[in-house]
Amino acid sequence: MVTFARFGYRKTSMEEVARAARISRPGLYFLFSSKEALFRAAVGQALHRDLTVVEHVLADTGRPLLERLVEAFDQWAGRYIGPLTSDVAMVIEDNPDLVGEIIDTLRRRFEELVTDAIAIRSGREAALPVAQTMISASIGIKHQVASREDYRERLEVAVDLLLP
């Protein structure tokens with residue numbers, strides 16, 4: 001993902017990815033039939049990893065809900081704020097046709113996890129619009145701040161205001 005972020009999807013060659021991964025180009029083609037397949041796998045792996053962390057964070061009911069939600073959003077979106085990490089997010093967002101439904105499926109799963117965490121406190125019906133509004137706030141904040149710390153601070157205010 002770092003190589004794609006540095007050069008953009010279109011300008012990244014399999015040779016550059018192989019060099020970054022410290023394997024031969026034929027070895028890379030053995031693992032992935034095309035640059036598109038490699039990109040899909042890289043995006044899928046990154047988002048699945050993030051979602052696994054989110055699941056663990058939200059399942060830790062020994063911590064206050066506000067704290068768990070802020071941490072979950074930080075793991076899902078906050079980690080993609082900053083010079084290089086924001087480039088990774090832009091490469092993913094700029095190539096939706098390449099990643100297909102992977103992103104939509106995992107975004108829906110993130111929404112479900114946040115909704116479920118909130119529903120314990122306020123019920124499922126009330127939780128869904130709150131979760132969706134938190135996600136919208138997170139997206140807006142992400143595009144307005146320059147650092148992960150600023151993102152967390154502003155997100156904490158938003159989550160606190162939105163929690164039932």
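Here are a few exercises on this predicted model, each with a worked solution.

**Exercise 1. Get your bearings**

Work out how many helices and strands the protein has, in what order its elements run, and what box its C-alpha atoms fill.

*Solution.*
- Start with the count: there are 10 helices and 0 strands.
- Next, read along from the N terminus, and the elements go α-α-α-α-α-α-α-α-α-α.
- Now lay the protein along its principal axes: the C-alpha atoms fill a box of roughly 55 × 30 × 30 Å.

**Exercise 2. Inside and outside**

Find what share of the residues is buried, what the accessible surface comes to, and what share of the contacts with a separation of 6 or more joins residues 24 or more positions apart.

*Solution.*
- The protein has 164 residues, and 42% of them are buried.
- Its accessible surface comes to about 9100 Å², with 54% of that belonging to carbon and sulfur atoms.
- For the contacts, take those with a separation of 6 or more: residues 24 or more positions apart account for 64% of them.

**Exercise 3. Zoom in on helix H2**

Say which residues of helix H2 are buried, and what they pack against.

*Solution.*
- Helix H2 covers residues 14–21, and its buried residues are Met 14, Glu 16, Val 17 and Ala 18.
- Follow those side chains to their partners: they pack against helix H1 (2–7), helix H3 (25–31) and H4.
- Then step past the end of the helix: Arg 22 follows H2 and has a positive phi, near 60°.

**Exercise 4. Tally the charges**

Count the positive and negative charges, see how far apart their mean positions are, and give the number of salt bridges.

*Solution.*
- There are 21 positive and 24 negative charges, and their mean positions lie 6 Å apart.
- Side chains of opposite charge can pair when their charged atoms come close.
- With a cut-off of 4 Å between a side-chain nitrogen of Lys or Arg and a carboxyl oxygen of Asp or Glu, the count is 11 salt bridges.
- One network of salt bridges links Glu 71, Asp 74, Arg 148 and Arg 152.

**Exercise 5. Follow Arg 109**

Identify the salt-bridge partners given here for Arg 109, and work out where each one sits relative to it.

*Solution.*
- One partner is Glu 55, with the closest N and O atoms 3.4 Å apart.
- Glu 55 is in helix H4 (residues 35–59) and Arg 109 in helix H8 (residues 101–122), so this pair ties together parts 54 residues apart in sequence.
- Another partner is Glu 112, where the closest N and O atoms are 3.3 Å apart.
- Arg 109 and Glu 112 are 3 residues apart in helix H8, which means about one helical turn separates them.
- Now check exposure: Glu 55 is partly exposed at 31% relative accessibility, Arg 109 is partly exposed at 31%, and Glu 112 is partly exposed at 37%.

**Exercise 6. Buried or not?**

Take the salt bridge between Asp 50 and Arg 49, and decide whether Asp 50 is buried or exposed and how Arg 49 is classed.

*Solution.*
- First the pairing itself: the two side chains meet at 3.4 Å, N to O.
- Buried means under 20% relative accessible area, and Asp 50, at 2%, is therefore buried.
- Arg 49 has a relative accessible area of 42%, so it is partly exposed.

**Exercise 7. A charged patch**

Pick out the residues that gather in a patch of negative charge on the surface, then place Glu 156 in its helix.

*Solution.*
- The patch brings together Glu 149, Asp 150, Glu 153, Glu 156 and Asp 160.
- Glu 156 belongs to helix H10, residues 148–162.
- Its relative accessibility is 40%, so Glu 156 counts as partly exposed.

Notes: Residues numbered from 1 in each chain as written. Predicted model: local features only at pLDDT ≥ 70, side-chain atom pairs only at ≥ 80, totals over all residues. Heavy atoms only, no water. Patch = residues over 30% accessible without salt bridge, like charges linked within 9 Å, V, L, I, M, F, W, Y side chains within 5 Å. Areas by Shrake-Rupley, 256 points an atom, 1.4 Å probe, with all protein chains shown as cover. Lys, Arg positive; Asp, Glu negative; His and termini not counted. Charge placed at Lys NZ, Arg CZ, Asp CG, Glu CD. Helix = DSSP H or I, 4+ residues; strand = E, 2+ residues; numbered from the N terminus. Buried < 20%, exposed > 50% of the residue type's maximum accessible area, 1.4 Å probe, protein only. Contact = heavy atoms within 4.5 Å.
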